[in-house]
Amino acid sequence: HTHTLAAGGLMANVCPYGRFTHAIVRGIPESFGQRADGGESVSVDVAKAQRQFGVLTGALRQKVGLQLIEIPADPELPESWRIEDIAVIQGDTALITRPFKQQRRAEADAVRRVMNELNLTVVEMGVEEGGSGGATLEGSDVLFTGREFFVGISKHTNHRGAEVLADTFRVSHITVDLTVFSGRRPLMMEQLTDHHYDVLSVSEDVASNCVYVRGPAKVDYLLHPTADECPNSITVSYIYCTVSTLMLVFLIKWPKVEAQGSRTKVRNFINKTIKMKR
(Lines give C-alpha, C1' and ligand atoms only; values in the text may rest on other atoms or scores of the structure.)
Protein backbone atom coordinates (compact mmCIF):
# COMPACT_ATOMS: atom_id res chain seq x y z
CA HIS A 1 0.00 0.00 0.00
CA THR A 2 1.04 3.57 -0.47
CA HIS A 3 2.66 4.87 2.69
CA THR A 4 0.80 8.08 3.49
CA LEU A 5 -1.52 9.39 6.13
CA ALA A 6 -4.73 11.04 4.96
CA ALA A 7 -6.77 13.58 6.85
CA GLY A 8 -10.31 14.53 5.93
CA GLY A 9 -13.47 16.19 7.20
CA LEU A 10 -14.88 13.21 9.09
CA MET A 11 -15.81 13.80 12.73
CA ALA A 12 -15.26 11.00 15.26
CA ASN A 13 -18.34 8.81 15.72
CA VAL A 14 -19.68 9.76 12.27
CA CYS A 15 -19.79 6.77 9.94
CA PRO A 16 -19.90 8.05 6.32
CA TYR A 17 -16.54 8.85 4.80
CA GLY A 18 -15.58 12.47 4.38
CA ARG A 19 -13.32 13.64 1.56
CA PHE A 20 -9.59 13.74 2.02
CA THR A 21 -7.99 17.16 2.10
CA HIS A 22 -4.38 16.44 3.09
CA ALA A 23 -1.79 13.74 2.59
CA ILE A 24 1.12 13.41 5.00
CA VAL A 25 4.20 11.64 3.71
CA ARG A 26 7.74 11.15 4.93
CA GLY A 27 10.83 11.14 2.76
CA ILE A 28 12.97 8.12 1.93
CA PRO A 29 16.15 8.18 4.07
CA GLU A 30 19.60 7.17 2.88
CA SER A 31 19.27 4.31 5.39
CA PHE A 32 16.29 2.88 3.45
CA GLY A 33 16.51 -0.92 3.51
CA GLN A 34 18.00 -1.04 6.99
CA ARG A 35 15.96 -2.25 9.96
CA ALA A 36 15.22 -0.10 12.98
CA ASP A 37 16.15 -2.91 15.36
CA GLY A 38 19.58 -3.31 13.76
CA GLY A 39 18.73 -6.54 11.95
CA GLU A 40 20.09 -7.61 8.60
CA SER A 41 19.80 -4.92 5.93
CA VAL A 42 18.10 -5.40 2.57
CA SER A 43 19.79 -4.45 -0.68
CA VAL A 44 17.64 -1.80 -2.38
CA ASP A 45 18.13 1.01 -4.88
CA VAL A 46 17.75 4.02 -2.59
CA ALA A 47 18.11 6.62 -5.37
CA LYS A 48 15.38 4.95 -7.41
CA ALA A 49 13.07 4.83 -4.41
CA GLN A 50 13.68 8.53 -3.75
CA ARG A 51 12.91 9.40 -7.38
CA GLN A 52 9.70 7.41 -7.28
CA PHE A 53 8.75 9.09 -4.03
CA GLY A 54 9.16 12.47 -5.73
CA VAL A 55 6.82 11.45 -8.53
CA LEU A 56 4.29 10.19 -5.98
CA THR A 57 4.22 13.48 -4.11
CA GLY A 58 3.76 15.39 -7.35
CA ALA A 59 0.86 13.14 -8.35
CA LEU A 60 -0.86 13.51 -4.98
CA ARG A 61 -0.71 17.28 -5.40
CA GLN A 62 -1.46 17.63 -9.10
CA LYS A 63 -3.63 14.63 -9.99
CA VAL A 64 -5.51 13.94 -6.79
CA GLY A 65 -5.49 17.57 -5.60
CA LEU A 66 -4.50 16.97 -1.99
CA GLN A 67 -2.57 19.43 0.15
CA LEU A 68 0.70 17.66 0.79
CA ILE A 69 2.64 17.80 4.03
CA GLU A 70 6.06 16.21 3.68
CA ILE A 71 8.09 15.32 6.76
CA PRO A 72 11.81 15.28 5.94
CA ALA A 73 13.65 11.99 5.83
CA ASP A 74 15.70 11.05 8.89
CA PRO A 75 18.62 8.65 8.33
CA GLU A 76 18.55 7.77 12.04
CA LEU A 77 15.05 6.33 11.55
CA PRO A 78 15.38 3.87 8.65
CA GLU A 79 11.74 2.69 8.76
CA SER A 80 10.15 6.10 9.23
CA TRP A 81 8.92 6.19 5.60
CA ARG A 82 6.24 3.73 6.77
CA ILE A 83 4.36 6.68 8.19
CA GLU A 84 0.93 5.03 8.26
CA ASP A 85 2.10 2.92 11.22
CA ILE A 86 2.54 5.96 13.47
CA ALA A 87 -0.94 7.51 13.56
CA VAL A 88 -4.57 6.58 12.98
CA ILE A 89 -6.70 9.56 11.94
CA GLN A 90 -10.46 9.71 11.93
CA GLY A 91 -12.07 13.09 11.51
CA ASP A 92 -10.54 15.65 13.85
CA THR A 93 -8.80 13.08 16.09
CA ALA A 94 -5.35 11.56 15.64
CA LEU A 95 -4.21 8.60 17.71
CA ILE A 96 -0.42 8.43 17.99
CA THR A 97 0.29 4.72 17.99
CA ARG A 98 2.93 2.60 19.68
CA PRO A 99 4.91 0.46 17.22
CA PHE A 100 6.08 -2.97 18.29
CA LYS A 101 9.76 -2.15 17.79
CA GLN A 102 11.10 0.09 20.54
CA GLN A 103 13.49 1.68 18.03
CA ARG A 104 10.59 2.96 15.87
CA ARG A 105 8.81 4.90 18.60
CA ALA A 106 10.93 8.02 18.06
CA GLU A 107 9.22 8.34 14.66
CA ALA A 108 6.19 9.74 16.45
CA ASP A 109 7.86 13.05 17.34
CA ALA A 110 7.67 14.58 13.87
CA VAL A 111 4.23 13.12 13.16
CA ARG A 112 2.88 14.53 16.43
CA ARG A 113 4.09 18.02 15.50
CA VAL A 114 2.23 17.85 12.20
CA MET A 115 -0.96 16.67 13.90
CA ASN A 116 -0.78 19.64 16.25
CA GLU A 117 -0.14 22.05 13.36
CA LEU A 118 -3.32 20.73 11.71
CA ASN A 119 -5.22 21.48 14.94
CA LEU A 120 -6.22 17.86 15.37
CA THR A 121 -7.05 16.44 18.76
CA VAL A 122 -4.00 14.31 19.53
CA VAL A 123 -4.39 11.23 21.71
CA GLU A 124 -1.22 9.59 22.95
CA MET A 125 -0.90 5.84 23.15
CA GLY A 126 2.76 5.62 24.03
CA VAL A 127 2.60 6.09 27.80
CA GLU A 128 4.21 3.16 29.60
CA GLU A 129 2.06 3.58 32.71
CA GLY A 130 -1.68 3.90 32.92
CA GLY A 131 -4.48 2.80 30.64
CA SER A 132 -2.39 2.12 27.53
CA GLY A 133 0.46 0.35 29.33
CA GLY A 134 1.63 -2.68 27.31
CA ALA A 135 -0.41 -1.72 24.25
CA THR A 136 1.14 -1.97 20.80
CA LEU A 137 -0.56 -0.81 17.61
CA GLU A 138 0.64 -0.11 14.07
CA GLY A 139 -1.64 1.77 11.73
CA SER A 140 -1.05 -0.62 8.83
CA ASP A 141 -2.98 -3.22 10.86
CA VAL A 142 -6.06 -0.96 11.03
CA LEU A 143 -8.89 -0.75 8.50
CA PHE A 144 -11.73 1.78 8.89
CA THR A 145 -14.74 0.97 6.70
CA GLY A 146 -16.79 4.08 7.46
CA ARG A 147 -18.84 2.05 9.92
CA GLU A 148 -16.35 0.27 12.16
CA PHE A 149 -12.69 -0.55 12.63
CA PHE A 150 -11.10 -3.88 11.82
CA VAL A 151 -7.84 -4.42 13.68
CA GLY A 152 -5.43 -7.18 12.72
CA ILE A 153 -3.83 -8.87 15.71
CA SER A 154 -0.24 -9.90 15.10
CA LYS A 155 3.19 -9.63 16.69
CA HIS A 156 3.05 -5.89 15.91
CA THR A 157 -0.46 -5.11 17.20
CA ASN A 158 -2.01 -6.66 20.31
CA HIS A 159 -5.51 -6.78 21.77
CA ARG A 160 -4.76 -3.98 24.23
CA GLY A 161 -3.76 -1.74 21.35
CA ALA A 162 -7.07 -2.48 19.62
CA GLU A 163 -8.94 -1.60 22.81
CA VAL A 164 -7.14 1.75 23.10
CA LEU A 165 -8.10 2.54 19.50
CA ALA A 166 -11.76 1.71 20.20
CA ASP A 167 -11.74 3.85 23.36
CA THR A 168 -10.19 6.76 21.46
CA PHE A 169 -12.71 6.94 18.64
CA ARG A 170 -15.69 5.46 20.52
CA VAL A 171 -16.51 3.39 17.44
CA SER A 172 -17.06 -0.37 17.40
CA HIS A 173 -14.07 -2.49 16.50
CA ILE A 174 -13.51 -6.08 15.47
CA THR A 175 -10.21 -7.88 15.94
CA VAL A 176 -8.98 -10.37 13.37
CA ASP A 177 -6.13 -12.72 14.27
CA LEU A 178 -3.88 -12.47 11.23
CA THR A 179 -1.93 -15.57 12.22
CA VAL A 180 -5.08 -17.72 12.25
CA PHE A 181 -7.21 -16.25 9.47
CA SER A 182 -4.51 -15.87 6.84
CA GLY A 183 -6.01 -16.60 3.42
CA ARG A 184 -9.58 -16.52 4.76
CA ARG A 185 -9.73 -12.98 6.13
CA PRO A 186 -12.58 -11.54 4.01
CA LEU A 187 -14.82 -14.49 4.89
CA MET A 188 -13.98 -14.31 8.58
CA MET A 189 -14.41 -10.53 8.65
CA GLU A 190 -17.83 -10.87 7.05
CA GLN A 191 -18.85 -13.41 9.69
CA LEU A 192 -17.67 -11.20 12.54
CA THR A 193 -19.58 -8.03 11.63
CA ASP A 194 -23.25 -7.08 11.81
CA HIS A 195 -22.87 -4.81 8.77
CA HIS A 196 -23.18 -5.85 5.15
CA TYR A 197 -20.24 -5.32 2.83
CA ASP A 198 -19.96 -6.10 -0.85
CA VAL A 199 -16.91 -8.30 -1.36
CA LEU A 200 -14.79 -7.88 -4.48
CA SER A 201 -12.82 -11.10 -5.00
CA VAL A 202 -9.56 -11.13 -6.96
CA SER A 203 -7.39 -14.13 -7.77
CA GLU A 204 -4.05 -12.55 -6.84
CA ASP A 205 -3.16 -11.20 -3.41
CA VAL A 206 -1.25 -8.25 -4.86
CA ALA A 207 -4.41 -7.04 -6.63
CA SER A 208 -5.99 -6.24 -3.26
CA ASN A 209 -3.12 -3.92 -2.38
CA CYS A 210 -5.02 -0.76 -3.32
CA VAL A 211 -5.76 2.62 -1.79
CA TYR A 212 -9.18 4.26 -2.15
CA VAL A 213 -9.03 8.07 -2.07
CA ARG A 214 -12.01 10.37 -1.93
CA GLY A 215 -10.52 13.43 -3.55
CA PRO A 216 -11.37 17.00 -2.53
CA ALA A 217 -12.83 17.83 -5.98
CA LYS A 218 -15.59 15.20 -5.70
CA VAL A 219 -13.57 12.73 -7.75
CA ASP A 220 -12.74 9.34 -6.26
CA TYR A 221 -9.54 7.47 -7.04
CA LEU A 222 -8.34 3.88 -6.77
CA LEU A 223 -4.55 3.62 -6.52
CA HIS A 224 -3.84 0.21 -8.00
CA PRO A 225 -0.92 -2.13 -8.81
CA THR A 226 0.18 -2.35 -12.42
CA ALA A 227 -1.54 -4.75 -14.79
CA ASP A 228 1.61 -6.85 -15.18
CA GLU A 229 1.65 -7.50 -11.43
CA CYS A 230 -1.89 -8.87 -11.39
CA PRO A 231 -2.80 -9.92 -14.97
CA ASN A 232 -5.53 -12.29 -13.82
CA SER A 233 -7.31 -9.69 -11.72
CA ILE A 234 -7.07 -6.46 -13.68
CA THR A 235 -10.35 -7.07 -15.55
CA VAL A 236 -12.21 -7.27 -12.24
CA SER A 237 -10.69 -3.95 -11.17
CA TYR A 238 -11.63 -2.34 -14.50
CA ILE A 239 -15.23 -3.46 -14.11
CA TYR A 240 -15.37 -2.27 -10.51
CA CYS A 241 -14.04 1.17 -11.45
CA THR A 242 -16.46 1.39 -14.38
CA VAL A 243 -19.47 0.68 -12.18
CA SER A 244 -18.20 2.94 -9.40
CA THR A 245 -17.02 5.74 -11.76
CA LEU A 246 -13.61 5.78 -10.12
CA MET A 247 -10.46 7.17 -11.65
CA LEU A 248 -8.04 4.26 -11.86
CA VAL A 249 -4.42 5.19 -11.13
CA PHE A 250 -1.76 2.58 -11.85
CA LEU A 251 1.33 2.49 -9.67
CA ILE A 252 4.72 1.17 -10.71
CA LYS A 253 5.96 -1.37 -8.21
CA TRP A 254 8.72 -0.57 -5.79
CA PRO A 255 11.54 -2.91 -4.80
CA LYS A 256 10.50 -5.73 -2.50
CA VAL A 257 11.59 -5.38 1.10
CA GLU A 258 12.11 -8.75 2.77
CA ALA A 259 12.17 -9.01 6.56
CA GLN A 260 11.85 -12.14 8.66
CA GLY A 261 9.99 -14.06 5.98
CA SER A 262 7.35 -11.38 5.39
CA ARG A 263 7.17 -9.13 2.37
CA THR A 264 6.27 -5.47 2.28
CA LYS A 265 5.62 -3.95 -1.13
CA VAL A 266 5.39 -0.22 -1.58
CA ARG A 267 4.11 1.26 -4.82
CA ASN A 268 4.90 4.93 -4.90
CA PHE A 269 5.29 5.82 -8.57
CA ILE A 270 2.12 6.81 -10.43
CA ASN A 271 2.51 5.85 -14.05
CA LYS A 272 -0.77 6.35 -15.89
CA THR A 273 -4.27 7.57 -15.11
CA ILE A 274 -7.38 6.24 -16.88
CA LYS A 275 -10.82 7.77 -16.31
CA MET A 276 -13.35 4.96 -16.22
CA LYS A 277 -16.83 5.87 -17.48
CA ARG A 278 -20.14 4.04 -17.53
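Is D85 buried or exposed? In this predicted model, D85 is buried, with a relative accessible area of 0%. Its place along the chain is the loop that runs between β3 (67-71) and β4 (87-90). The side chain of D85 has a partner there: a polar contact of 2.9 Å joins it to the side chain of R104.

A second aspartate makes a helpful companion to this example. D141 belongs to the loop between β6 (121-124) and β7 (142-144). D141 is buried as well, yet it has no salt bridge. The nearest side chain of opposite charge belongs to R82, and it is 7.9 Å away. Because a salt bridge requires a side-chain nitrogen of Lys or Arg within 4 Å of a carboxyl oxygen of Asp or Glu, a separation of 7.9 Å between D141 and R82 does not qualify. The side chain of D141 does, however, take part in a polar contact of 2.7 Å with the side chain of T157.

Attention now turns to the nonpolar interior. The largest nonpolar core is made of 21 residues. Within it, the residues with the most contacts are I28, F32, L60, V64, L66, V213 and Y221. Several elements contribute to this core, and at least two residues come from each of β2 (20-26), α1 (46-62), β11 (220-225) and β12 (247-252). Helix α1 gives the most, with 5 residues. Another core, of 15 residues, lies apart from this one, and its members include M125, A162, F169 and V171.

Two further residues, one buried and one exposed, can be followed in the structure above. I153 is part of strand β8, which covers residues 149-153. I153 counts as buried because its relative accessible area is 8%, and the cut-off for buried is under 20%. The chain also brings I153 together with a residue from further along: I153 and T175 are 22 residues apart in the chain, while their C-alpha atoms are separated by 6.5 Å.

V243, in contrast, is found in helix α5 (residues 234-244). With a relative accessible area of 54%, V243 is exposed, since the cut-off for exposed is over 50%. Which residues make a nonpolar surface patch with V243? The partners are Y238 and I239, and the patch made by these three residues has an area of about 270 Å².

Conventions
Residues are numbered from 1 along each chain as its sequence is written. This is a predicted model: local features need pLDDT of at least 70, side-chain atom pairs count only at pLDDT 80 or more; totals for chains, interfaces and linings use all residues. Side-chain values use heavy atoms; hydrogens and water are left out. Helices (H or I, at least four residues) and strands (E, at least two) are DSSP runs, numbered from the N terminus. Buried means under 20% relative accessible area, exposed over 50%, partly exposed in between (1.4 Å probe, protein chains only). Patches are made of residues with over 30% relative accessible area and no salt bridge: like charges are joined within 9 Å, nonpolar side chains (Val, Leu, Ile, Met, Phe, Trp, Tyr) within 5 Å. Accessible areas come from the Shrake-Rupley method with a 1.4 Å probe; for residues, only the protein chains shown count as cover. Lys and Arg count as positive and Asp and Glu as negative; His and the chain ends are not counted. A polar contact is a pair of N or O atoms within 3.5 Å; within protein, one must be able to donate a hydrogen and the other to accept it, and residues adjacent in sequence count only if both atoms are side-chain atoms. A nonpolar core is a set of buried Ala, Val, Leu, Ile, Met, Phe, Trp, Tyr and Cys residues joined through side-chain atoms within 4.5 Å.
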